[in-house]
Amino acid sequence: MKRMLSGIKPTGQLTLGNYIGALRNFVKYQDDYEMFVFIANLHCVTVYQDPKELRKNLKDAIALYLACGLDPEKSTIFLQSDVMEQAQLGFLLTCTTYMGELNRMTQFKDKLAKQEKNITAGLYVYPSLMAADILAYDADYVPVGDDQKQHVELARDLAERFNNRYSPTFTVPEPLVAKVGARIMSLTEPTKKMSKSDETNKGCIYLLDEIPVARKKIMGAVTDMLAKVQYDKVNQPGISNLLEIMSSLSGEPIEDICARFEGKGYGEFKKAVADVVCDTLQQIQDRYHEIINSGQIDKVLEDGANKARYIAHKKLMKVQKKIGIEIRK
Ligand code: TYM
């Protein structure tokens with residue numbers, strides 16, 4: 001069975017973008033792959049987080065993993081910081097990454113372009129740690145949204161570099177990016193990605209948004225003057241985004257949705273999108289409330305960490321021997 005690995009970095013509440021671009025795919029794939037899904041809590045602290053909020057976000061994220069359908073019997077679910085081998089491999093891979101490669105990472109470049117102050121060294125080297133997350137487990141596939149593809153490509157380059165420099169050690173992973181829903185856009189600025197750190201809070205739907213709040217956000221989504229429900233990302237980015245959201249969640253092809261709303265107003269279309277989104281959120285939230293205080297989270301994390309640690313430890317030992325820093329047989 002091929003192995004798959006992915007993670008989410010809960011620097012805030014999980015969003016509909018995280019769900020469509022990543023989480024729901026993890027759930028779909030867990031029957032056919034050996035699945036490893038973790039919470040990237042080390043990646044979270046590359047930017048300062050209020051500790052109390054961070055704890056809540058992490059617990060909520062695990063509960064949401066389960067509420068969205070990840071099954072601990074099928075998938076290994078764990079916290080990144082519980083497998084220290086991952087961080088250690090991260091350091092070793094940082095030593096095989098060139099600064100030029102990190103300088104080219106879009107997420108880092110965006111932060112620089114925005115002239116954000118006090119960018120941490122952790123944020124800069126984060127793609128090397130992400131490579132370690134993937135390579136520690138010899139993942140064949142990494143299901144991610146569009147924005148993380150570049151990081152998985154770096155992981156491929158580092159795996160190949162290491163394999164060539166020493167001898168075959170790492171599986172070279174492949175990013176898996178869905179055709180529809182890989183980049184859900186902000187509802188208020190549909191040319192920008194929907195993101196956890198949405199400043200106005202109106203462009204982003206959080207999985208734990210109250211249902212009337214989520215409905216209001218969809219009804220207030222930016223559209224255009226063309227008055228036609230059609231998929232045209234250049235001229236109608238807002239409508240195209242709503243079409244992607246609806247199609248991803250309902251499974252109805254975009255062309256069929258367009259045909260169904262031919263000659264109808266945007267109000268009617270948005271109401272249908274809001275219905276689909278709110279149904280999805282309601283189902284997730286019902287399960288989330290059952291899980292969050294049930295006591296099962298600690299057990300899931302402990303079992304997951306034990307399974308993950310065993311694999312990552314073996315890989316780290318192998319790597320350390322090849323590099324020459326481990327001298328015992
Ligand atoms: P993060 O937390 O930013 O995002 C988690 C996943 O959600 C996807 N995603 C989206 N997909 C569609 N539309 C959006 N608007 C949207 N926003 C986010 C992301 O592409 C991602 O798949 N560095 C990673 C976490 C990570 C990781 C890993 C992932 C750390 N180590 C190893 C895979 C493998 C991150 O910050 O994702």
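**Ligand site**

I started at K196: a polar side-chain atom of this residue sits 2.8 Å from an oxygen atom of the ligand. I'm working on a predicted model here, so that distance is a model value. Next I looked for backbone partners. G145 puts a backbone N or O atom 2.8 Å from an oxygen atom of the ligand. For G17, a backbone N or O atom lies 3.2 Å from a nitrogen atom of the ligand.

Then I pulled the whole shell. How many residues surround the ligand? I got 28, and the closest are Y126, D133, D147, I184 and K196. So K196 turns up again, this time in the list of closest residues.

**Domains**

I checked the domain assignment next. It splits the protein into domain 1 (3–177 + 295–323) and domain 2 (211–290). Domain 1 comes in two sequence segments, 3–177 and 295–323. Taken over C-alpha atoms, the centres of domain 1 and domain 2 are 30 Å apart.

**Where the domains touch**

I counted contacts: 12 residues of domain 1 meet 8 residues of domain 2. The area buried between domain 1 and domain 2 came out at about 850 Å², with 72% of it on carbon and sulfur atoms. Which residues of domain 1 lose the most area to domain 2? They are L16, I20 and A67, and together they make up 48% of what that side buries.

I went looking for charge pairs across this interface and found 0 salt bridges between domain 1 and domain 2. Polar contacts do exist: 3 residue pairs across the interface, with both partners at pLDDT 80 or more.

I then asked which helices build the domain 1 side. Both α1 (16–29) and α3 (51–67) supply at least two residues to the side that touches domain 2. The biggest giver is α3, with 6 residues. By type, I sorted the residues on this side of domain 1 into 8 nonpolar, 1 polar and 3 charged.

**Salt bridges elsewhere**

Over the whole structure I logged 17 salt bridges. I opened one of them: the side chains of E34 and R3 meet at 3.2 Å, N to O. Why note this one? E34 is in strand β2 (residues 34–39) and R3 is in strand β1 (residues 3–8), so the pair ties together parts that are 31 residues apart in sequence.

How values were computed
Residues numbered from 1 in each chain as written. Predicted model: local features only at pLDDT ≥ 70, side-chain atom pairs only at ≥ 80, totals over all residues. Heavy atoms only, no water. Domains from an automatic or database assignment. Contact = heavy atoms within 4.5 Å. Buried area = accessible area lost by both parts, 1.4 Å probe. Salt bridge = Lys/Arg side-chain N within 4 Å of Asp/Glu carboxyl O. Polar contact = N/O pair within 3.5 Å; in protein donor to acceptor, adjacent residues only side chain to side chain. Helix = DSSP H or I, 4+ residues; strand = E, 2+ residues; numbered from the N terminus. Nonpolar A, V, L, I, M, F, W, Y, C, P; charged D, E, K, R; others polar. Near = heavy atom within 4 Å.
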